[in-house]
Amino acid sequence: MGIGVVAYLVFYYVPALEEASVWFAGFFNSILPLFMFLILYVTFCKVDFKKLALVRWHFWTMLVQCLLVGVIVAAILGWGIGGKELVLWESVLACIISPGAAAAAVVTLKLGGNLEQMTTYTFLSNLLCALLIPICFPLIEPASGMTFWGAFVLIMQKVCLVLVVPMLLALLTKSLPQLHRFHQWLIHIPDLSFYLWGCSLMIVTGTTLKNIFHAGTGVGFLLIIAFLGLVLCVLQYAMGRYIGRFFGARIEAGQGLGQKNTAFAIWIASTYLHPLSTVGPGCYILWQNIINSIEIWKKGKYAA
């Protein structure tokens with residue numbers, strides 16, 4: 001994350017690098033989906049697909065997510081919120097309504113959690129997101145022209161590209177005898193998906209800083225959005241871990257509710273909400289990965 005920040009600041013403040021920064025921006029935007037695809041492919045190669053099943057904490061975390069979304073939408077409609085206050089609430093809503101991160105399985109595996117439970121929840125949360133967004137967003141942004149089925153199909157197309165395709169390829173890799181040696185070689189590379197995630201995190205952090213620098217609003221307003229993102233991030237991680245305590249799944253439920261697909265959240269915010277509301281998910285990226293870093297550090301410390 002630090003490397004991503006420093007790299008962006010160098011390109012931002014050195015005029016001689018302006019042309020190079022334009023090229024690198026396009027390059028990183030094009031390879032980021034490839035990183036996410038490889039992360040999931042490598043992770044799914046380690047999944048025992050026979051163990052994929054619904055467990056009780058899945059329902060409780062999704063219920064909490066629905067309740068939080070309902071409270072936010074009801075507050076916006078009930079109080080008639082508009083202007084900058086609406087942008088703040090939309091930023092919060094984008095961070096809550098977005099699905100669990102695809103990379104949450106990587107962090108869960110690193111923390112010693114159940115990979116199959118986390119993989120199942122990733123699919124469930126994306127389906128829930130595809131249902132909630134077409135219902136909620138037209139209520140707060142009627143001018144977006146969103147239809148339920150149009151938005152549902154568009155979101156499910158993205159889910160299929162991001163989740164279903166790498167899963168099918170992983171299943172094919174595990175099943176074909178001709179790929180057995182390759183599969184064994186792949187899954188025995190130590191922490192491969194973790195380091196791929198680290199590389200993608202450098203790119204995401206730099207892109208997030210770029211969005212914040214070009215947000216086109218005052219520093220004070222940005223700080224408020226950033227602080228709300230921090231509070232929301234800690235709250236969702238804490239609620240998820242609290243739910244998980246009752247089912248022996250503190251790690252899985254905490255990552256499921258707390259670690260969000262913020263790239264998806266930025267996309268839905270920029271597509272259907274006020275453009276400034278993308279700053280909220282952008283800041284959430286930084287907070288959630290700081291929390292992930294602390295969790296992984298503590299896991300390594302206590303394991304040692």
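**Entry 1: conventions**

I take helices as DSSP runs of H or I with at least four residues and strands as runs of E with at least two, numbered from the N terminus. The model I am reading is predicted: local features need pLDDT of at least 70, side-chain atom pairs count only at pLDDT 80 or more, and totals for chains, interfaces and linings use all residues. Residues are numbered from 1 along each chain as its sequence is written, and side-chain values use heavy atoms, with hydrogens and water left out.

**Entry 2: the cavity**

I looked for enclosed space first. On a 1 Å grid over the protein atoms alone, a cavity is a set of points where a 1.4 Å probe fits but cannot get out; a pocket is an open set with protein on both sides within 12 Å along at least five of seven lines; lining residues have an atom within 4 Å of a point. Points are joined across faces, edges and corners, and a volume is the space filled by probe spheres set on them.

I find one cavity of 30 Å³ or more. The largest cavity has a volume of about 40 Å³. I list its lining as L88, S91, V92, C95, I225, L228, G229, L232 and G280. Helices α4 (83-97) and α10 (219-245) each give at least two of the lining residues.

I sorted the lining by class: Ala, Val, Leu, Ile, Met, Phe, Trp, Tyr, Cys and Pro are nonpolar, Asp, Glu, Lys and Arg are charged, and the others, Gly among them, are polar. The largest cavity has six nonpolar, three polar and no charged lining residues.

**Entry 3: the second largest pocket**

I then turned to open space. The second largest pocket holds about 160 Å³. L111, R241, I251, I291, I294, E295, K298, K299 and Y302 line this pocket. Helix α13 (residues 279-303) gives the largest share of that lining, six residues. By class I get five nonpolar, four charged and no polar residues.

**Entry 4: salt bridges**

I counted salt bridges (a side-chain nitrogen of Lys or Arg within 4 Å of a carboxyl oxygen of Asp or Glu). The structure holds two. For each partner I noted exposure, where buried means under 20% relative accessible area, exposed over 50% and partly exposed in between (1.4 Å probe, protein chains only).

Which side chains meet at 3.1 Å, N to O? They are R241 and E295. This pair links distant parts of the chain, with R241 in helix α10, E295 in helix α13, and their positions 54 residues apart. R241 is partly exposed at 22% relative accessible area. E295 counts as buried at 13%. I note that R241 and E295 also appear in the lining of the second largest pocket.

In the other entry, D191 pairs with K110, and the closest N and O atoms are 2.8 Å apart. This pair also links distant parts of the chain: D191 sits in the loop between α8 (180-187) and α9 (192-213), K110 in helix α5 (residues 104-110), 81 residues apart. K110 is partly exposed at 27% relative accessibility, and D191 is partly exposed at 30%.

**Entry 5: backbone at D191**

I checked phi here. Most residues other than glycine have a negative phi. D191 has a positive phi of about 55° although it is not a glycine.

**Entry 6: surface patch**

I looked for patches, which are made of residues with over 30% relative accessible area and no salt bridge; like charges are joined within 9 Å, nonpolar side chains (Val, Leu, Ile, Met, Phe, Trp, Tyr) within 5 Å. Areas come from the Shrake-Rupley method with a 1.4 Å probe; for residues, only the protein chains shown count as cover.

L161, V162, V165, L169, L172 and L176 form a nonpolar surface patch, with about 470 Å² of accessible area together. I placed L161 in helix α7 (residues 148-175). Is L161 buried or exposed? L161 is exposed, at 59% relative accessible area.

**Entry 7: single residues and C-alpha distances**

I spot-checked three more positions. G80 is in the loop between α3 (56-79) and α4. G80 counts as exposed, at 57% relative accessibility. Its C-alpha is 9.6 Å from that of I140, 60 residues apart along the chain.

V73 lies in helix α3. V73 counts as buried, at 7% relative accessibility. V73 and K84 are eleven residues apart in sequence and 16 Å apart, C-alpha to C-alpha.

L257 is in helix α11 (residues 250-258). L257 is buried, with a relative accessible area of 0%. I find L257 and Y121 136 residues apart in sequence, yet 9.6 Å apart in space, C-alpha to C-alpha.
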